[in-house]
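Below are some notes for a colleague who is opening this structure without having seen it before. They deal with pockets and then with the packing of the interior.

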Amino acid sequence: MAIKLIAIDMDGTLLNPAHEITPAVGQAIGAAREKGVYVALATGRPFIGIQRYLLELDLLGEGQYCITNNGALVQRTVDGECIAQSTLDIDDYRYLEALSRRLEVHFHALDFDNCYTANRDISPYTVHESYLTGIPLKYRRVDEMDPGMRFPKVMMIDPPAILDRAISHMPAEAYERYTIMKSAEYYLELLNKQANKGEGVKALAEHLHINADEVMTIGDQANDLAMINYAGTGVAMGNAIDEIKAASQFVTKSNREDGVAVAIRKLVLDL
C-alpha cells in the first residue's frame with residue numbers, strides 16, 4: 001500500500017553527525033511532499049529544538065505536524081498547539097527527582113518552555129541538552145516548582161557507566177508507572193506511561209485518517225522502537241542499534257550516507 005505519512009527521527013537519522021540536513025535528504029523529503037505524502041519529524045527534542053529544521057524543510061505551515069518529547073506531544077508546526085499529549089504532573093516530578101538522588105544520577109525536567117534542574121552541580125549533559133535544543137535552562141529547588149506544572153518528559157543524565165549502573169538499580173515500580181527508555185548512551189528518558197513515539201505517530205495518523213500500513217517510520221535508537229513496530233513500514237538506519245534493525249522491514253544507509261534519502265527514494269518515490 002502507498003505510503004501517506006513518513007515519521008522521521010532526527011538525531012542519528014535525519015541529521016548527519018554534524019547535525020545537518022544534507023541536500024540529498026532535503027530533496028528527497030521535498031519530493032515526497034510534492035507527491036502528497038505527509039512528513040513529520042518524530043524526536044525526543046522539544047518543539048523549540050526543532051524549529052530551525054522545520055523551517056529548513058518547509059514544514060512550518062498549516063496542515064503540518066511534528067511529534068516531540070519522544071511522543072509525549074503531537075503538535076501543529078505552525079503554532080506549537082497540541083493535537084495530542086500525555087504529560088507528567090508535579091507528583092511524578094517529585095517522585096522521579098527523588099529517585100534520581102537515590103540512584104545517584106543527575107536529573108532534569110522539561111515543561112513546555114524550559115528545562116529545570118534541582119542539581120546544584122549542574123550536569124554537563126544538561127547544559128548540552130539546553131545548547132543543542134535551544135531550550136532555556138533554569139535552576140530550581142524542588143520546593144520552588146509550581147504545583148500546576150506539566151512535564152512532557154524528565155531525564156536522568158550522566159556518563160554511560162554511571163547511568164547504566166543506575167538503570168540496573170531502577171525499581172520495578174518505576175517501570176510499572178512510566179515509559180522508560182534510552183535515547184542516547186548518556187540520556188535516560190522517563191515519560192507518561194502512555195507516551196512513546198509509537199503512540200505519537202498513531203495519534204497523528206488517526207488525526208489524518210491514515211492507516212498504520214500507510215505509515216513509514218525511520219529511526220536508529222531504542223526510543224524509536226515503538227514507532228518502528230507501529231508502522232506498516234519500519235526503516236532502520238545503517239547506524240541503528242541491532243534491536244531497531246531486527247524490528248524493521250528495511251535497513252537503509254547510515255546518517256553519514258544520506259540513509260533517509262535512500263529509503264524515501266526506494267520505498268516512497270519508487271526510484
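**Notes on pockets and cores**

1. The second largest pocket is lined by 13 residues, and Phe47, Ile48, Gln75, Phe112 and Asp113 are those nearest its centre. A pocket here is an open set of points on a 1 Å grid over the protein atoms alone, where a 1.4 Å probe fits, with protein on both sides within 12 Å along at least five of seven lines, and lining residues have an atom within 4 Å of a point. The space in this second largest pocket is about 160 Å³.

2. This is a predicted model, in which local features need pLDDT of at least 70 and side-chain atom pairs count only at pLDDT 80 or more, while totals for chains, interfaces and linings use all residues. Residues are numbered from 1 along each chain as its sequence is written, and side-chain values use heavy atoms, with hydrogens and water left out.

3. The largest pocket holds about 540 Å³ of space, and among its 29 lining residues Asp11, Gly12, Ser183, Ala184 and Tyr186 are the closest to its centre. Helix H4 (124–133) is one of the elements giving two or more residues to this lining, and H4 gives the most, with 4 residues.

4. The largest nonpolar core (buried Ala, Val, Leu, Ile, Met, Phe, Trp, Tyr and Cys residues joined through side-chain atoms within 4.5 Å, where buried means under 20% relative accessible area with a 1.4 Å probe, protein chains only) has 38 residues, and Ile6, Leu14, Ile218, Ile264 and Val268 have the most contacts inside it. Its largest share, 5 residues, comes from H1.

Definitions and conventions:
Buried < 20%, exposed > 50% of the residue type's maximum accessible area, 1.4 Å probe, protein only. Points joined across faces, edges and corners; volume = space filled by probe spheres on them.
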